[in-house]
Amino acid sequence: METSFADKIDGLRVPQASDALLEDLRRVLRIELLRDACSAARIAHLFSMHRRTMNRYLRTRGLAFRQVANEVRFEIACELLENTDMALGQIAAALRYSEPSAFTRAFRRWSGRTPSEWRAGHPRVPRSKRSRKLLRPDPVPVSDRISRDKSQDKAPGSR
């Protein structure tokens with residue numbers, strides 16, 4: 001009875017360590033997919049391992065690099081569709097698709113719906129007025145602010 005319990009504990013430790021590497025892989029993919037064209041060899045190099053080693057690691061978990069990369073692309077696409085007003089062409093370009101139609105086909109393959117249909121089914125939560133105000137640029141040009149500050153210095157009664 002004790003040996004089977006110890007085996008179960010050991011079995012629990014291995015997936016946790018491997019899940020951490022898989023989470024790190026997803027995190028790096030989120031950055032690299034948006035930064036530039038990423039390849040399995042480039043990502044493996046970032047983890048200081050050979051591409052084949054990474055592929056073997058993924059294969060033992062029933063995954064492939066392209067599958068994980070597409071899952072991350074889908075997550076990013078959903079976030080951009082839900083949380084921004086970016087046009088589909090901009091999202092496609094951000095995800096390194098050659099044209100919006102290629103992005104639409106991939107998104108339909110992943111979700112069963114077009115990006116426009118998906119966006120319509122996931123309305124954005126409006127930001128509060130305060131957060132919108134913080135994100136707006138100052139409408140007064142810098143040169144006007146400087147001259148206004150200088151004029152206040154010359155106001156009567158000031159030293």
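These are my notes from looking through a predicted model, entry by entry.

**Entry 1: the core**

I began with the largest nonpolar core, which has 30 residues. Which of them touch the most other members? I got Leu25, Leu29, Met54, Leu58, Phe65 and Phe103. Then I looked up where the core residues come from. The elements giving two or more residues are helix 1 (2-35), helix 2 (40-46), helix 3 (51-60), helix 4 (65-83), helix 5 (88-94) and helix 6 (100-111). Helix 4 supplies the largest share, nine residues.

I picked Met54 for a closer look. Setting aside residues up to four places away in sequence, Met54 touches Leu25, Ala40, Ile43, Ala44, Met49 and Phe65. Two of those names, Leu25 and Phe65, were already on my list of residues that touch the most other core members.

**Entry 2: two stops on helix 1**

Leu21 sits in helix 1. Is Leu21 buried or partly exposed? Its relative accessible area is 24%, so I put it down as partly exposed; the cut-off for buried is under 20%. Beyond the neighbours within four places in sequence, Leu21 contacts Phe47, Met49 and Tyr57. I checked the Tyr57 contact for distance: Leu21 and Tyr57 are 36 residues apart in sequence, and their C-alpha atoms are 9.6 Å apart.

Glu32 is also in helix 1. I looked up its accessibility and found 4%, so Glu32 counts as buried. Who is around it? Again leaving out neighbours within four places, Glu32 is in contact with Cys38, Arg42, Ile43 and Leu46. Ile43 turned up earlier too, among the residues Met54 touches.

**Entry 3: helix 4 against helix 6**

Two packed helices are described by the angle between their axes and the distance between the axes, and I looked up both. The axes of helix 4 and helix 6 come within 11 Å and cross at roughly 105°. That falls in the 65 to 115 range, so I noted the two helices as roughly perpendicular.

Which residues meet there? From helix 4 I have Asn70, Arg73, Phe74, Ala77, Cys78 and Leu81, and from helix 6 Phe103, Phe107, Trp110 and Ser111. Sorted by class, this contact has seven nonpolar, two polar and one charged residues.

**Entry 4: the aromatics**

How many aromatic pairs does the structure hold? I noted six. I wrote up two of them.

For Tyr97 and Phe103, the ring centres are 5.7 Å apart and the planes are at 55°, so I logged the pair as tilted. Tyr97 is buried at 18% relative accessible area, and Phe103 is buried at 0%. Phe103 is a repeat visitor in this notebook: it is in the core list and in the contact of helix 4 with helix 6.

For Phe107 and Trp118, the centres are 6.1 Å apart and the planes are at 80°, so this pair is edge-to-face. Phe107 lies in helix 6 and Trp118 in helix 7 (residues 115-121), so the pair ties together parts eleven residues apart in sequence. I checked burial here as well: Phe107 has a relative accessible area of 0% and is buried, and Trp118, at 8%, counts as buried.

Last, I looked up how the aromatics group. Phe74, Tyr97, Phe103, Phe107, Trp110 and Trp118 form one aromatic cluster. I had already met Phe74, Phe103, Phe107 and Trp110 where helix 4 meets helix 6.

Definitions and conventions:
Residues numbered from 1 in each chain as written. Predicted model: local features only at pLDDT ≥ 70, side-chain atom pairs only at ≥ 80, totals over all residues. Heavy atoms only, no water. Core = buried A, V, L, I, M, F, W, Y, C linked by side-chain atoms within 4.5 Å. Buried < 20%, exposed > 50% of the residue type's maximum accessible area, 1.4 Å probe, protein only. Helix = DSSP H or I, 4+ residues; strand = E, 2+ residues; numbered from the N terminus. Contact = heavy atoms within 4.5 Å. Axes fitted to C-alpha atoms, helices over the stretch in contact; angles between N-to-C directions. Parallel < 35°, antiparallel > 145°, perpendicular 65-115°, else oblique. Nonpolar A, V, L, I, M, F, W, Y, C, P; charged D, E, K, R; others polar. Phe/Tyr/Trp six-rings, centres within 6.5 Å; stacked < 30°, edge-to-face > 60°.
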